[in-house]
Amino acid sequence: MSSPAPAVPTGRLAQLRNAYQMTKKTQPRIGLLLLGVFVLSAAAVAALGVLLLGTAWFSIIITAVLALTTSLLVTMIVFGKRAEKSMYQQAEGQLGAGAGALQMLRRGWDVKPAVGFTKQQDVVHRLVGRPGVVLVGEGQHARVKNLLASEAKKHQRIVGDGVPVTTLIVGRGEGEVPLPNLVKRVKKLPKAIKPAQQTDVLYKLKALDAMRPAAPMPRGPMPTSMKGARKAMRG
């Protein structure tokens, strides 16, 4: 009888450890960088504390606590930025990376990966939020452009002319949105519909989705590890 597979650690410390290991693949000196940030920020706060509070024993305790907590916070912020950049670098170009990045959008967005696809593994993901319907394509530019145009017509016909349908292509080419900028680009889209209209749009799109075959999406590094790391860093 074979032994059961070990459980995958899902705690906050395990997520931070996994994020650190992934970051180190593209940034080998991340440990030295974080140590430097911690020491410098702690020294700066300590010096400021001594200057403002003096050197009495109670003041020293307060200064030490402030220096420790502030340096930890600053170090975690720097680590979060570095880890995010590293994860985008490792995921960029992989099928499903765009869908993984879009999962980082918080409440107010409905994300549905692979609502459209081709045999060549070009895919279109769909978002529904205050800007209306947003279709995001991944794959070879010419094929994805045609696929997006087709999906945009289908969605516009279903949701009506009063709901904007925006199309974006993930990539580094002309007119494309780089993966690290995708979420920011989506968030900057102007609001065009009310929350009540979002519910109505989602209800209408159920009919369109019901006519589609299921499209299996690969599980790359972005949808799992990045989401877990961000959750751990946010506390």
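**Helices H1 and H2 in a predicted model**

This model is predicted, and the protein chain averages a pLDDT of 83, with 85% of the residues scoring at least 70.

Q: Over residues 218-229, what is the pLDDT, and how many contacts does this stretch have beyond near neighbours in sequence?
A: The pLDDT there is below 50, and the model gives the stretch 26 such contacts. Residues 231-235 also have a pLDDT below 50, with 10 contacts beyond near neighbours in sequence.

Q: How do H1 and H2 pack, at what angle and how far apart are their axes?
A: Helix H1 (residues 12-26) and helix H2 (residues 30-53) pack at about 115 degrees, and their axes lie 9 Å apart.

Q: Why is H1 called roughly perpendicular to H2?
A: Look at the cut-off: 65 to 115 degrees counts as roughly perpendicular. The angle here is about 115 degrees, and that makes H1 roughly perpendicular to H2.

Q: Which residues make the contact?
A: H1 brings Tyr20, Thr23 and Lys24, while H2 brings Ile30, Gly31 and Leu34. Sorted by type, that's three nonpolar, two polar and one charged.

Q: How do you know what span to expect for H2, and what does H2 reach?
A: Take 1.5 Å times one less than the number of residues. H2 has 24 residues, for which 34 Å is expected, and its first and last C-alpha are 34 Å apart, so the two are close.

Q: What makes a residue of H2 count as buried, and which ones are?
A: The cut-off is under 20% relative accessible area. In H2, Ile30, Leu34, Val37, Ser41, Ala42, Val45 and Gly49 are buried.

Q: What phi does Gly54 take just after H2?
A: Gly54 has a positive phi of about 90 degrees.

Notes:
Residues are numbered from 1 along each chain as its sequence is written. This is a predicted model: local features need pLDDT of at least 70, side-chain atom pairs count only at pLDDT 80 or more; totals for chains, interfaces and linings use all residues. Side-chain values use heavy atoms; hydrogens and water are left out. Axes are lines fitted to C-alpha atoms, for helices over the stretch in contact, and angles run from 0 to 180 degrees between N-to-C directions. Helices (H or I, at least four residues) and strands (E, at least two) are DSSP runs, numbered from the N terminus. Angles under 35 degrees count as roughly parallel, over 145 as roughly antiparallel, 65 to 115 as roughly perpendicular and the rest as oblique. Contact means heavy atoms within 4.5 Å. Ala, Val, Leu, Ile, Met, Phe, Trp, Tyr, Cys and Pro count as nonpolar, Asp, Glu, Lys and Arg as charged, and the others, Gly among them, as polar. pLDDT is the predictor's confidence in each residue, from 0 to 100. Buried means under 20% relative accessible area, exposed over 50%, partly exposed in between (1.4 Å probe, protein chains only).
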